[in-house]
Amino acid sequence: MKVLILNRFKLARVDYRQWAHPSDELYLITSCDSVSADETARKSELAGFAHTEVVDDYADSALPEYLAHQLHSEHSFGRLLAMSEFDLLRAGRLRDSWTVPGQSEAEALLFRDKIRMKGALAESGVRITAYRAVDDVTDLLLAVRELGFPLVVKPRLGAASVGVTFLENHTDLDTFLTRNPLSVGDAPAHLMAESFVSHELFHIDGIVDAGEVKICWPSEQTTSCLEIAQGAVCLSTFLDADDPRLPALQDMTVRAVKALGIEETALFHAEIFGSPDGFVFNEVGCRVGGAKIRDQLEYGFDVDPIEWFARAYLGNPRHRALHPEPVRQTGYALVPPRPGVVESLGEVELPASIRLFESKISPGDVLERSTSSTSAMASFVSVGAAQADVVRDLNSAVAALSSALIIQEPSTEADR
């Protein structure tokens with residue numbers, strides 16, 4: 001069978017050639033950011049495909065979808081594999097156009113468009129925050145009147161807290177509208193406003209196999225997405241199996257996934273708020289979570305979710321049971337960049353439980369504030385016997401990095 005793959009992951013970590021059925025013929029359209037800069041590594045990553053296209057500005061370009069149609073007219077693909085959140089809608093459009101199995105555009109839109117999602121969840125009785133679509137200034141003023149302050153305004157199809165704004169009062173509203181015209185001419189803004197909930201944040205990650213939720217495990221995040229985007233360290237760890245909050249979080253997530261009609265074979269990443277008066281469902285995506293969630297699932301459940309899904313969709317699964325509970329406790333920490341110039345980075349002395357340490361900085365690098373909740377200058381993944389152990393060791397790792405790192409901060413407040 002001929003298979004087209006739309007890819008945004010680093011090719012060094014996604015070996016589609018090994019995951020596909022041996023008889024499949026693979027065609028690849030990939031982001032230039034996914035390919036190694038080293039020429040030898042690049043050749044190795046692109047070898048073995050029947051055809052490859054490397055696209056600049058992949059996320060915002062129409063070219064991947066256009067190239068896909070051109071290649072399909074020549075090769076008539078039987079499958080289209082796409083796992084990045086930002087490829088789901090165009091993959092759905094392509095499948096609809098070609099009559100190829102997999103998630104359709106309408107099905108993907110329920111998970112990408114937060115207004116459609118929340119409407120479907122509300123109809124199914126899943127508790128959500130009060131919300132309103134915002135396409136212009138009038139919509140936003142009506143949201144203020146109906147929902148009151150504080151409000152969160154965010155893109156309907158966004159991710160990783162990019163473009164999220166917290167409005168606490170009319171002063172914030174005035175500032176927001178001064179900087180953001182909301183719409184240009186008659187073009188809608190495609191935003192939404194929702195009541196702000198003072199909360200704990202949980203993300204719940206899982207796998208659906210043959211229509212049954214096989215893995216559905218919550219993690220507790222120590223800081224909100226807004227706080228992370230403003231510079232706080234993101235630390236997230238699995239709940240322990242005896243945590244009393246576990247059953248309610250799992251039940252709410254399964255009800256939400258079923259309400260949105262997730263595919264027979266799927267990955268999901270959900271977010272739930274723990275508010276003073278109970279759990280409130282935020283949103284769910286039909287894909288693996290960002291940050292270090294892929295690594296967390298791999299260390300915690302002994303399964304790479306991306307490999308699992310690719311093999312399952314392409315008809316070349318590994319026949320082994322999925323563990324319903326973690327085989328080991330895991331968690332991760334993301335250290336966001338802070339403005340300044342990196343002067344030096346010494347040796348980082350880490351606890352023995354740290355399984356992964358990635359640093360994206362070197363002396364001389366100029367750092368700016370993070371632009372999303374998943375932006376990080378360094379990250380860690382740890383394992384342990386219990387959640388408290390993992391939290392302790394991740395905090396130790398972050399402290400060790402701080403001790404080894406010297407950043408010359410901007411000289412004026414305006415540059416910070």
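In the predicted model, a salt bridge is formed between Arg93 and Glu65, with the closest N and O atoms 2.7 Å apart. This pair links distant parts of the chain: Arg93 belongs to helix 4 (residues 88–98) and Glu65 to helix 3, and 28 residues separate them. The two partners fall into separate classes of accessibility. Arg93 is partly exposed, because its relative accessibility is 32%, whereas Glu65 has a relative accessible area of 18% and is therefore buried, the cut-off for buried being under 20%.

A second salt bridge is found between Arg255 and Asp251, where the closest N and O atoms are 3.2 Å apart. Both residues lie in helix 10 (residues 246–259), and because they are four residues apart, about one helical turn separates them. Arg255 counts as partly exposed at 34% relative accessibility, and Asp251, with a relative accessible area of 43%, is also partly exposed.

A third salt bridge joins Asp393 to Arg392, and here the closest N and O atoms are 3.0 Å apart. Asp393 is buried, since its relative accessibility is 11%, while Arg392 is partly exposed at a relative accessible area of 46%. Elsewhere, Lys118, Lys154, Glu194 and Glu283 are joined into one network by salt bridges that share partners. In total, the structure holds 29 salt bridges.

Charged residues also appear in a surface patch. Asp33, Asp56, Asp57 and Asp60 form a negative patch on the surface. One of these residues, Asp56, is located in the loop that runs between strand 3 (51–55) and helix 3 (63–75). Its relative accessibility is 57%, so Asp56 counts as exposed, given that exposed means over 50%. Helix 3, which follows this loop, is also the helix that holds Glu65, the partner of Arg93.

Another charged residue, Arg320, is placed in the loop between helix 12 (305–313) and strand 14 (329–335). With a relative accessibility of 54%, Arg320 is classed as exposed. When residues up to four places away in sequence are not counted, Arg320 touches Asp302 and Val303. For Arg320 and Val303, the separation is 17 residues in sequence and 9.9 Å in space, taken from C-alpha to C-alpha.

The backbone was examined next. Most peptide bonds are trans, and most residues other than glycine have a negative phi. The peptide bond from Phe149 to Pro150, however, is cis, and its omega is near -5°. Pro150 is part of the loop between helix 7 (137–147) and strand 6 (151–155).

Positive phi values occur at Ser76 and Ala291. Ser76, a residue other than glycine, has a phi near 50°. Its place is the loop between helix 3 and strand 4 (79–82), and because its relative accessibility is 53%, Ser76 counts as exposed. Ala291, likewise not a glycine, has a positive phi near 55°. This residue is found in the loop between strand 13 (278–285) and helix 11 (293–301). A relative accessible area of 32% makes Ala291 partly exposed.

Key. Residues numbered from 1 in each chain as written. Predicted model: local features only at pLDDT ≥ 70, side-chain atom pairs only at ≥ 80, totals over all residues. Heavy atoms only, no water. Patch = residues over 30% accessible without salt bridge, like charges linked within 9 Å, V, L, I, M, F, W, Y side chains within 5 Å. Areas by Shrake-Rupley, 256 points an atom, 1.4 Å probe, with all protein chains shown as cover. Salt bridge = Lys/Arg side-chain N within 4 Å of Asp/Glu carboxyl O. Lys, Arg positive; Asp, Glu negative; His and termini not counted. Charge placed at Lys NZ, Arg CZ, Asp CG, Glu CD. Helix = DSSP H or I, 4+ residues; strand = E, 2+ residues; numbered from the N terminus. Buried < 20%, exposed > 50% of the residue type's maximum accessible area, 1.4 Å probe, protein only. Contact = heavy atoms within 4.5 Å.
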